[in-house]
Structure formats: C-alpha cells, structure tokens
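Trainee: I would like a close look at a single part of this structure, set against the rest of the chain. Could you take me through it step by step?

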Amino acid sequence: MALGWKLHGDGKTMGPDDVVAPDERLSWGKTVGLGAQHVVAMFGATFVFPLIMGLNPQLAIMMSGLATILFLLIVNGKVPSYLGTSASFVGGVAAIRAQGGDSADVTGAILVAGVVLALVGLLIHFMGSGVLHRVLPPVVTGAVVMLIGFNLAPVVAGIYWPQDQWIAVLVMTFTIVCAVAFRGFISRIAVFLALIFGTVLSWLFDKGFGQITSFDAGAGKVTTHFRTNFDRVSSEPWFGLPSQTMVAQDGKEVVGWHTPSFSVAFVLLVLPAVIALIAENTGHVKAVAEMTGHDLDPVMGRAIAADGVGTALASAVGGSPTTTYAENIGVMAATRVYSTAAYYVAAIVAIVFGLSPKFGALVASVPGGVLGGITVVLYGMIGLLGAKIWKENGVDFGNPINLVPIAAGIIMGVGNVTLTFTDTFSLTGIALGTIVAIAGWHLAKAIAPSQLRARAEAAGGTMISLGEEEGAYGDADGIDDLYQRDDRRGPRR
C-alpha cells in the first residue's frame, strides 16, 4: 500500500473499539480534519527549532511536508509518521556558528549527516538491528542525547535570556503550567501556545512600558529597543517562495533558499545528532508497532533511512533537518486513527503554509525573550531524555564500564572541552564528547574483567526500548511526551 486506502466501515462512524489501520481511511472530510490536527501538533516545534538554529521557518515547514511524503513512500505506508524539524542538531549548529560558520555551512553539515543516517538505515535494513544494538547500547545513546541537550545551556544564558529576562520567566512559567495542568491536546501543543502567549505579552509590554534597555542580539550589545517588530510582516506578500535573508529577533540570519557548503570540521560537529535520530526513530517505530499491533521490525531500517533522505533533501535547499514526531504519534494514540491518508493531508497543508512569505516573516518576528523562556525548557528536556533512556533500559552505573567513560564524555560535551590537532582542525564539545563516550565505552568493555562485561550486557543490553510500555517516548521535538500520557492508552483497550 502506498497511495491506496480501504474505507474503514462506512467512513463516518467509529465504534468504541474500532482502530483505523494505516492502509485504511475515514471519509475524506474526516480525514482532512485529522490531517489538520496533525498540522497543529507538529507546528510549534517545526518552526521554533529553525528559528533557534537561524534557518528559515517558512522553508522548514514546506520541506517538512515534502519530507513526510517521501518518508511515507519509502516505508510503503507501513509507518504512519510526520517528519518535523529535529532538535537534535541544535547543539551542533550552535557550535558551527560559534566557530564562524554561516547558514550554508550549517545546512552542508546537516546534509552530510542526513546521508550518513540514510546509510545507517540501509545497513540496518540489510544486516538486521543487531548491529545497531552492539555499536550503540542505551548507555551510550543516553549519554549522547544528554550532552547534546546540556551543551546548549550557554546559548540560553548568553543569547536568549538576557534579551528580556522577565518575558522569559513568564513564558517559561506558562510553558510549565500549560504542559502539566492540562491534559491531551492542549498539553501537547504547550510550546506553540507559549510562543503565542509570549509574543502577545511582549507586544503588550511594549504598549504599556515602552522600550526596553537590554542585550540586543542583532546589534551584539546592550541597546534601547522595542521587544517586537512586525514591519517585515506587513511588507511581505501572502504567497511566494522564501527568497531573501531576514534577521530574526535573536539577531540570527534567517536564510531562504540557498546552496549548502561543506567543511569536515563542521560536519564532525553535527554527526553526533545521527545517534540521537537513530534513537528517536527506533523508539517511534516501536511505539507505532505497539499501537497498531503490526510487526514493524522489517521496516525499521527503511524508516531510519527515510528520515536520513528527508534530512538530506531539506538541507540540500537550505531547509532544516527532520525527524519523526512523537507529537503526531500522540494524536494517533488519542484518536486511534493510524491512517497514512491523514499524514498526506497534513503534509500538503504544511507545503501550502510554506508558500507564504508573510507567514515566514511572522514567525521570524518572535522576540528573543520569548525564545529564552521556551528554550530553557526545551534544551533541558533534551538533556533529561538521555537520563530517561538510561532509566527505561536499566543501565547500571554501579558498573565502571558504564560509569567512567560515559562520565568523561558528558563532561567534555557539556563543558565544550576542546582537543586541538592543528591550527585548522580541532574536536570540541558535542563531537568530542560523543567520540569519548562511544570509543571509551567499547574500550572499557574490551579490557574489563569478564564479570563486569557480563553485568554490562545484562543491564540495558538492548537498544532503546523507549515507548514500548506507554506508547511513544519523549523526544526533543516537543514537550508532550514527558507528561500527560493517559490519553495514549486508548489503543490498548
């Protein structure tokens, strides 16, 4: 099945125990409505993360739709998923920009990472998932995810938070309250709602209190300025392709279509994100398999490869990296409708949004203080997901094989430790921490006494069981999966 769907019942009604399979659909009217839900679920994170990375959110939305269609075709419609912007590259992108790289360098590095991910998917498809389990056990994967998230703390402290600390505090508080106090769909789009809340609040503060004297990321110094600036929104047309460079409220260039450039040093900074994407995709496919009752292990490699192809395609034209979204898996669990037809609808809607420069300018106008309140939550959650991987896989840190090399890798990654080889080449931060965590763990295991090796293999010896117990695991794309899971248990009744 690729583009053909069987009608589920009469297409209009669902019984209390009905489940709409991936190769089925409801009436087109209901399918369009479900597709709209998927758009809202993925929307916030899909345009927040391009802003954070200094890439064009309009282009990211459009390319996410194209990448989703490509993903569904590659997996032959067997894994219903939406490919939104990945947060796993944020740390590497920040490192590239800190070393003087521009957006072309960023997308070039991401493109190479996408190709590597696609090749890993092909390897898994032909050799089986066992090779993945051996190379990247949960103790290593959790460490990489953790250092990717916590490495971003200086970005919040040095760029976003100083722009408007009180707006940031209020947005952070709103995000926490919205995520925890509400259930189901509202909690799932807490980041999106926080972004709207913060932008409106910034506008009200401008009207009520006037200009603010604070750090201006665009000027690179403390200035007196308004929190919001919507001048470009009114001047942009309603329809068209991204065609020019804009400057967002955080001072970063927001580039439209462009050709990537390539640097080995910059590629090494983003390659650790491939490990996080493997973990995300593996957990999501397992979650979908459990909810649909289908064995999806045979298409695991295809799904990972398809994500790599989507990332490479998007970055080839200047877009953002992609990954499967747990937000949308949550929508499926709540509705018990797994039809891929709804995802095609969502993808088409995203493409239409991506054809509006006015929409892109509106997103780019989000104040830096608002991003400060959102990123302080999101970046921390990315890091804590590493701990979640350890917990759910029973990683034993009483074993020095796990404790010693992983501790060294995390400190190197979070602390931005640099290992200099020549004047033009060095390893730092996330890249160095990842190498130390992976190579150090395998070295420790190879030289350790047999009893320690046996303990390491017995505890957390499988790759990412996230999502196997409650639907979908919390990833870095949004904040929905670390809380409020009651609505996801419907498919198991």
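Mentor: What follows starts with the whole chain, turns to one helix and a residue within it, and then goes on to other parts for context.

The model is a predicted one, and its confidence should be read before its geometry. The mean pLDDT of the protein chain is 77, and 80% of the residues score at least 70. Among the elements, confidence is highest in helix α14 (residues 300-316), at a mean of 92, and lowest in strand β6 (residues 246-247), at 57. Over residues 461-493 the pLDDT stays under 50, although the model has 133 contacts beyond four places in sequence for them.

As for the overall architecture, the protein chain holds 21 helices and 10 strands. It has 493 residues, of which 59% count as buried. Among contacts with a separation of 6 or more, 78% come from residues 24 or more positions apart. The exposed area of the protein chain is about 18,200 Å², and carbon and sulfur atoms supply 66% of that area.

The part to look at closely is helix α19, with N402 as the residue to follow, since N402 has its place in this helix, which covers residues 400-414. The 15 residues of α19 reach 21 Å from the first C-alpha to the last, close to the 21 Å expected at 1.5 Å a residue. At its N-terminal end, α19 is capped by N399, a side-chain oxygen of which lies 3.0 Å from the backbone nitrogen of I401. After the helix comes N416, whose phi is positive, near 55°.

Which residues of α19 are buried? They are I401, N402, P405, I406, G409, I410 and G413. To read such a list, it helps to recall that an α-helix has 3.6 residues a turn, so residues three or four places apart point the same way.

N402 itself has a relative accessibility of 2%, and it therefore counts as buried, the cut-off being under 20%. Its side chain is joined to that of W441 by a polar contact of 2.8 Å. Leaving aside residues up to four places away in sequence, N402 touches V139, V395, D396, F397 and W441, and W441 thus appears both in this list and in the polar contact.

Helix α2 can be read in the same order of steps. Its 18 residues, 57-74, should span 26 Å at 1.5 Å a residue, and the end C-alpha atoms are 25 Å apart, which agrees. The N-terminal end of α2 is capped by N56, with a side-chain oxygen 2.9 Å from the backbone nitrogen of Q58, and the helix is followed by N76, whose phi is positive, near 60°. Because 13 of the 18 residues of α2 are buried, this helix is largely enclosed by the rest of the structure.

The aromatic rings give another view of how parts of the chain meet. The whole structure contains 5 aromatic pairs. In one of them, the rings of W5 and Y344 have centres 5.7 Å apart and planes at 70°, so the pair is edge-to-face. This pair links distant parts of the chain, with W5 in the segment before β1 and Y344 in helix α16 (residues 340-354), 339 residues apart. W5, at 18% relative accessibility, counts as buried, and so does Y344, at 9%. Another of the pairs is formed by F174 and F197, whose ring centres are 4.3 Å apart and whose planes are at 5°, so this pair is stacked. It too links distant parts of the chain, F174 being in helix α8 (residues 165-181) and F197 in helix α10 (residues 190-209), 23 residues apart. F174 counts as partly exposed at 25% relative accessibility, and F197 is likewise partly exposed, at 29%. Ring pairs also link W5, W28 and Y344 into a cluster.

Finally, P162 lies in the loop between α7 and α8. P162 is partly exposed, with a relative accessible area of 30%, and it touches V156, A157, S214 and F215 when residues up to four places away in sequence are not counted. The C-alpha atoms of P162 and V222 are separated by 9.4 Å, although the two residues are 60 residues apart along the chain.

Methods:
Residues numbered from 1 in each chain as written. Heavy atoms only, no water. Helix = DSSP H or I, 4+ residues; strand = E, 2+ residues; numbered from the N terminus. Expected span 1.5 Å × (residues − 1). Buried < 20%, exposed > 50% of the residue type's maximum accessible area, 1.4 Å probe, protein only. Polar contact = N/O pair within 3.5 Å; in protein donor to acceptor, adjacent residues only side chain to side chain. Phe/Tyr/Trp six-rings, centres within 6.5 Å; stacked < 30°, edge-to-face > 60°. Contact = heavy atoms within 4.5 Å. Areas by Shrake-Rupley, 256 points an atom, 1.4 Å probe, with all protein chains shown as cover. pLDDT = per-residue confidence, 0-100.
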